[in-house]
Amino acid sequence: MPTLNGTRCARPLHFARPGKYADTAASAACSKCSAGLYQARNGSTGCDDCGKGTFAKDAGSSHCENCAEGYFANATGMSSCQLCKHEK
């Protein structure tokens with residue numbers, strides 16, 4: 001079975017699992033979505049940015065997480081949240 005960076009894709013496109021994608025419908029290998037990106041569906045040819053206020057810390061994420069209280073992500077595609085600075 002073909003691999004890319006140690007990630008197996010059972011069959012082209014149709015079986016790219018959540019968190020992974022196949023570059024084209026004819027791809028024999030899957031790639032993990034980069035940190036800050038996610039893919040929730042099977043059979044995708046790309047990944048989506050995490051929205052503002054969310055992040056995906058690790059490559060291969062199938063969903064984004066909300067920033068914890070006291071933290072923020074003011075851009076899309078973030079791999080972490082930043083600490084809010086409180087003015088005194």
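Is Cys50 buried or exposed? Cys50 is buried, at a relative accessible area of 0%, where buried means under 20% relative accessible area, exposed means over 50% and partly exposed lies in between (1.4 Å probe, protein chains only). Welcome to a predicted model, in which local features need pLDDT of at least 70 and side-chain atom pairs count only at pLDDT 80 or more, while totals for chains, interfaces and linings use all residues. Residues are numbered from 1 along each chain as its sequence is written, and side-chain values use heavy atoms, with hydrogens and water left out.

**The chain as a whole**

- The chain has 0 helices and 10 strands; helices (H or I, at least four residues) and strands (E, at least two) are DSSP runs, numbered from the N terminus.
- Along the sequence, the elements follow the pattern β-β-β-β-β-β-β-β-β-β.
- The chain has 88 residues, of which 26% count as buried.
- Its accessible surface comes to about 5,800 Å², and carbon and sulfur atoms account for 47% of that; the areas come from the Shrake-Rupley method with a 1.4 Å probe, and for residues only the protein chains shown count as cover.
- Contacts are heavy atoms within 4.5 Å. Taking those in the chain between residues at least 6 apart in sequence, 32% join residues at least 24 apart.

**Disulfides**

- A disulfide is a covalent bond between the sulfur atoms of two cysteines; here the working criterion is a pair of cysteine sulfur atoms within 2.5 Å.
- Searching the whole structure turns up 3 disulfides.
- Cys33 and Cys47 are joined with an S to S distance of 2.0 Å, and this link is left-handed, with -85° about the S-S bond. Cys33 sits in the loop between E4 and E5, and Cys47 in the loop between E5 and strand E6 (48-49), so the pair ties together parts that are 14 residues apart in sequence.
- The two ends of that link have their own exposure classes: Cys33 is buried at 0% relative accessibility, whereas Cys47 is partly exposed at 22%.
- Cys50 is bonded to Cys64, with the sulfur atoms 2.0 Å apart, and the link is left-handed at -85° about the S-S bond. Because Cys50 lies in the loop between E6 and strand E7 (54-55) and Cys64 in the loop between E7 and strand E8 (65-66), the pair ties together parts that are 14 residues apart in sequence.
- Cys64 counts as partly exposed, at 23% relative accessibility, while its partner Cys50 is buried at 0%.
- Cys67 pairs with Cys81 (S to S 2.0 Å), and the left-handed link has -80° about the S-S bond. This pair links distant parts of the chain, with Cys67 in the loop between E8 and strand E9 (71-72) and Cys81 in the loop between E9 and strand E10 (82-83), 14 residues apart.
- Both of these cysteines are buried: Cys67 has a relative accessible area of 15%, and Cys81 has 18%.

**A cysteine left out**

- Why does Cys84 not bond to Cys67? Cys67 holds the closest cysteine sulfur to that of Cys84, but the distance is 8.4 Å, too far for a bond.
- Cys84 is partly exposed, with a relative accessible area of 27%.

**The nonpolar core and Met78**

- The largest nonpolar core has 5 residues, namely Phe55, Cys67, Ala73, Met78 and Cys81. Such a core is a set of buried Ala, Val, Leu, Ile, Met, Phe, Trp, Tyr and Cys residues joined through side-chain atoms within 4.5 Å.
- Setting aside neighbours within four places in sequence, Met78 touches Gly36, Thr54, Phe55, Ala56 and Ala73.

**Two contact partners of Met78**

- Gly36 lies in the loop between strand E4 (31-32) and strand E5 (37-38), and is buried, with a relative accessible area of 0%.
- Beyond neighbours within four places in sequence, Gly36 is in contact with Asp48, Asp49, Cys50, Ala56, Gly77, Met78 and Ser79.
- The C-alpha atoms of Gly36 and Ala59 are 7.7 Å apart, although these residues are separated by 23 residues along the chain.
- Thr54 belongs to strand E7 and is buried at 14% relative accessible area.
- The side chain of Thr54 reaches the backbone oxygen of Gly51 at 2.6 Å.
- Leaving out neighbours within four places in sequence, the contacts of Thr54 are Cys64, Glu65, Asn66, Cys67, Ala73 and Met78.

Terms used: A polar contact is a pair of N or O atoms within 3.5 Å; within protein, one must be able to donate a hydrogen and the other to accept it, and residues adjacent in sequence count only if both atoms are side-chain atoms.
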